[in-house]
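Student: I should like a close look at a single part of this protein, namely a place where two helices pack against each other. Please describe the packing itself and then its surroundings.

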Amino acid sequence: MRSPWNDVVAVLDADTLRVWTGHGWRARRTGPPHAAVAHEGRPAEALTQVLGGLRKARLPLQNRVHVVAGHPWTHGVVLPWQDGLVSDAAWDGYARALFAARAQRGALRIRIEAGRRGRARLAVAACDTLLASLAEVSRAAGWRLVSLRDALSASLDLHAGRLGGDDYRYALLQPRVVTCVFRRAGEWADVVTLPRAGGRRLDDWFAAAALMAGQPLAGAAFASALDGALPAADGVTLLDGGMDDVPVREPGEPT
């Protein structure tokens, strides 16, 4: 049965908006992008430019936009377990306080992963202004923004089958930063984002992030890249950087 969807998958980083098109039952990012635009800090304008040149389905409902956004548009933080937090609103406030402590104080849409009682949780945040602007320009061009995922949790979801064991570290490389996530004793321990200085090795970034987070360099090490380019490194398992299957969330969920 033919899919009714006319999908666009847009991957946004600090410099570039890359767009893939597809007509399957699942939004996919395969092969070279249909378009790549240097957005110069104005991603909504870049998306308007790309959408204006794409073929649209007859019914506006069928034209869907899925966005995966990286740094500096999205961020992650680990929330250590707190016994006194008994509501979603309390956890949201807790996450906002920790994001603010990391100088991420703008209007944010926050998603906190579900987790077992007593376990630390991973929280991710997307810039609310970005979300609103992308939704607005999509609508104006005859499309619907149906999902926006942060690059970190999307990458962790994509590679979940290979990120095994109670102790590991994972690095997501983006054009200007490297985000390192540490997992200890089966739960999240910390997230550290570092500037991506030229010429560094993956083990150098892991060592710097571990020092900042006070984490041991224990367990397996994994890495992938939002743009697909990965440096070689001894002792680090390099994962496919392409997000071929974008985990789509319900409309209205920011990440």
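Tutor: The account below begins with the helix pair and then turns to the core and the loops. The model is a predicted one.

The protein as a whole has 5 helices and 13 strands. Of its 255 residues, 49% count as buried. Among contacts between residues at least 6 apart in sequence, 58% join residues at least 24 apart.

The helix pair consists of α1, residues 43-51, and α3, residues 128-140. Their axes lie 9 Å apart and make an angle of about 20 degrees. Since angles under 35 degrees count as roughly parallel, α1 is therefore roughly parallel to α3. The crossing of α1 and α3 is right-handed.

On the α1 side, the contact is made by Pro43, Ala44, Leu47, Thr48 and Leu51. On the α3 side, Leu130, Ser133, Leu134, Val137 and Ser138 meet them. By residue class, this contact of α1 with α3 comprises 7 nonpolar and 3 polar residues, with no charged ones.

Two residues of this contact, Leu51 of α1 and Leu134 of α3, reappear in the largest nonpolar core, which has 26 residues. Leu51 and Leu134, together with Val67 and Leu148, are the residues with the most contacts inside that core. The elements giving two or more residues to the core are the helices α1 and α3 and the strands β1 (6-12), β2 (16-22), β3 (35-38), β4 (63-69) and β8 (144-150). Helix α1 supplies the largest share, 5 residues. A second, separate core has 21 residues, among them Val9, Val68, Val78 and Trp188.

Val67 offers a view of the first core from a single residue. When its neighbours within four places in sequence are left aside, Val67 is in contact with Ala10, Leu134, Leu145, Ser147, Leu148 and Arg149. Two of these partners, Leu134 and Leu148, are themselves among the residues with the most contacts inside the core.

The loops on either side of α1 come next. In the loop between β3 and α1 lies Glu40, which has a positive phi of about 50 degrees although it is not a glycine. Glu40 has a relative accessible area of 62% and is therefore exposed, the cut-off for that class being over 50%.

In the loop between α1 and β4 lies Ala57. Its relative accessible area is 17%, so Ala57 is buried, as that class covers values under 20%. Not counting residues up to four places away in sequence, Ala57 touches Asn6, Gln62 and Asn63. The C-alpha atoms of Ala57 and Trp143 are separated by 9.4 Å, although these residues are 86 apart along the chain.

Two backbone details in other loops complete the description. In the loop between β4 and β5 (74-79) is Pro72, and a cis peptide bond joins His71 to Pro72, with omega about 5 degrees. The loop between β10 (177-184) and β11 (187-195) holds Ala185. Phi of Ala185 is near 55 degrees, a positive value in a residue other than glycine.

To return to the part requested: α1 and α3 pack at an angle of about 20 degrees, through a contact without charged residues, and both helices give two or more residues to the largest nonpolar core.

Terms used:
Residues are numbered from 1 along each chain as its sequence is written. This is a predicted model: local features need pLDDT of at least 70, side-chain atom pairs count only at pLDDT 80 or more; totals for chains, interfaces and linings use all residues. Side-chain values use heavy atoms; hydrogens and water are left out. Axes are lines fitted to C-alpha atoms, for helices over the stretch in contact, and angles run from 0 to 180 degrees between N-to-C directions. Helices (H or I, at least four residues) and strands (E, at least two) are DSSP runs, numbered from the N terminus. Angles under 35 degrees count as roughly parallel, over 145 as roughly antiparallel, 65 to 115 as roughly perpendicular and the rest as oblique. A crossing is left-handed if the near helix is turned anticlockwise from the far one by less than a right angle, and right-handed if clockwise. Contact means heavy atoms within 4.5 Å. Ala, Val, Leu, Ile, Met, Phe, Trp, Tyr, Cys and Pro count as nonpolar, Asp, Glu, Lys and Arg as charged, and the others, Gly among them, as polar. A nonpolar core is a set of buried Ala, Val, Leu, Ile, Met, Phe, Trp, Tyr and Cys residues joined through side-chain atoms within 4.5 Å. Buried means under 20% relative accessible area, exposed over 50%, partly exposed in between (1.4 Å probe, protein chains only).
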